[in-house]
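Colleague: I'd like to go through this one with you and keep asking how you know each thing. Ready?

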Amino acid sequence: MDSLNFNDAKQYAENRLENELSPHLVYHGITHTREEVVPAVETLAAMEGIKGKSLNLLRTAAWFHDLGYVEKPVYHELISARIAVQVLPSFDYTEEEIEIVRWAILATALPQAPNNLLEEILVDADLDVLGRKDFMQRNSDLRRELGFLGKEFTEVQWYTSQLKFIEGHKYFTASAHSLRDAQKLLNIAELRRILERLTDQE
């Protein structure tokens with residue numbers, strides 16, 4: 001029996017994400033955590049054989065990984081980790097358990113550098129979108145969000161940077177490779193097509 005109170009910790013994070021995030025965060029809003037990262041974590045964890053307390057620590061890290069956005073986007077991973085360290089003791093997480101959560105959150109910072117399977121699952125889940133069919137729509141959401149934050153791109157700049165990013169990315173877990181690599185190649189091809197069309201117009 002786990003002593004940690006995952007359900008209350010999850011509720012804490014979910015409440016803050018629902019009530020304190022800027023409406024301009026059209027990519028990193030609660031949808032990203034609740035409907036993308038958490039389900040991806042649970043799918044990958046099941047495929048990788050993660051159960052029990054380890055699964056709950058991983059799910060905790062998923063719920064807290066972008067909570068830093070309630071304060072500011074810059075270095076949000078550090079802020080998310082700090083919030084986890086501050087609040088998880090009140091949900092009966094031990095120091096050792098909190099460290100596992102903290103390091104998993106920090107591993108999501110780019111460039112990703114996970115050090116164990118739990119961290120690999122979370123970072124793969126965080127960029128699950130790269131290998132999904134809704135990649136182009138969510139990529140557009142990310143661009144709009146960055147625009148709200150003062151970062152503007154020309155069409156060529158945006159699609160060049162996105163192609164470079166996705167081509168340089170590799171999933172860490174075998175499960176993510178099996179689920180997402182094929183669609184990721186299709187997404188890369190789509191980005192290339194868009195770039196070719198844009199450069200032909202210049």
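Colleague: Why is Arg102 called partly exposed?

Modeller: Its relative accessible area is 23%. Buried means under 20%, exposed means over 50%, and partly exposed is what lies in between (1.4 Å probe, protein chains only). A value of 23% falls in that middle range, so Arg102 is partly exposed. Keep in mind that this is a predicted model, where local features need pLDDT of at least 70, side-chain atom pairs count only at pLDDT 80 or more, and totals for chains, interfaces and linings use all residues. Residues are numbered from 1 along each chain as its sequence is written, and side-chain values use heavy atoms, with hydrogens and water left out.

Colleague: What makes Glu99 and Arg102 a salt bridge?

Modeller: The closest N and O atoms of the two are 2.8 Å apart. The rule asks for a side-chain nitrogen of Lys or Arg within 4 Å of a carboxyl oxygen of Asp or Glu, so the pair passes. Glu99 is partly exposed too, at 33%.

Colleague: How far apart in the helix are Glu99 and Arg102?

Modeller: They are three residues apart in helix α5 (residues 95-107), so about one helical turn separates them. By the way, a helix here is a DSSP run (H or I, at least four residues), and helices are numbered from the N terminus.

Colleague: How do you know that Arg102 lies over the face of Trp103?

Modeller: Arg102 is 4.8 Å from the ring centre. For Arg, the CZ atom must be within 6 Å of the ring centre and within 35 degrees of the ring normal (for Lys it would be NZ). The distance fits that limit, and Arg102 is listed as lying over the face of Trp103.

Colleague: Let's do rings, then. How many aromatic pairs are there in the whole structure?

Modeller: Three. Take Tyr12 and Phe64: their ring centres are 6.0 Å apart and their planes meet at 15°. Rings of Phe, Tyr and Trp (its six-membered ring) pair if their centres lie within 6.5 Å; planes under 30 degrees apart are stacked, over 60 edge-to-face, and the rest tilted. So 15° makes this pair stacked. Tyr12 is in helix α1 (residues 6-20) and Phe64 in helix α3 (residues 52-64), so the pair ties together parts 52 residues apart in sequence.

Colleague: What makes Phe153 and Trp158 edge-to-face?

Modeller: Their planes are at 65°, with centres 5.1 Å apart, so edge-to-face is the right word. Phe153 is partly exposed at 28%, while Trp158 is buried at 2%.

Colleague: Back to the other pair. Are Tyr12 and Phe64 buried or exposed?

Modeller: Phe64 is buried, at 0%, whereas Tyr12 is partly exposed, at 23%. Together with Phe91, they form one aromatic cluster.

Colleague: Which residues does Tyr12 touch?

Modeller: Leaving aside residues up to four places away in sequence, Tyr12 touches Phe64, Leu67, Ile83, Val87 and Phe91. Contact here means heavy atoms within 4.5 Å.

Colleague: How do you know that Glu14 and Arg34 meet in a salt bridge?

Modeller: The N to O distance between their side chains is 2.9 Å, and that is within the cut-off. Glu14 sits in helix α1 and Arg34 in helix α2, 20 residues apart, and the pair links distant parts of the chain. Glu14 is buried at 10%, and Arg34 is partly exposed at 29%.

Colleague: Why are Asp141 and Arg138 described as about one helical turn apart?

Modeller: Because they are three residues apart in helix α7 (residues 135-148). They also form a salt bridge, with N and O atoms 2.8 Å apart at the closest, and both are buried. The two belong to a salt-bridge network that also includes Glu36 and Arg180. In total, the structure holds 18 salt bridges.

Colleague: And His32, why is it called buried?

Modeller: Its relative accessibility is 1%, so it counts as buried. His32 lies in helix α2 (residues 30-48), and among the residues that His32 touches are His65, Asp126 and Arg138.

Methods:
Helix = DSSP H or I, 4+ residues; strand = E, 2+ residues; numbered from the N terminus.
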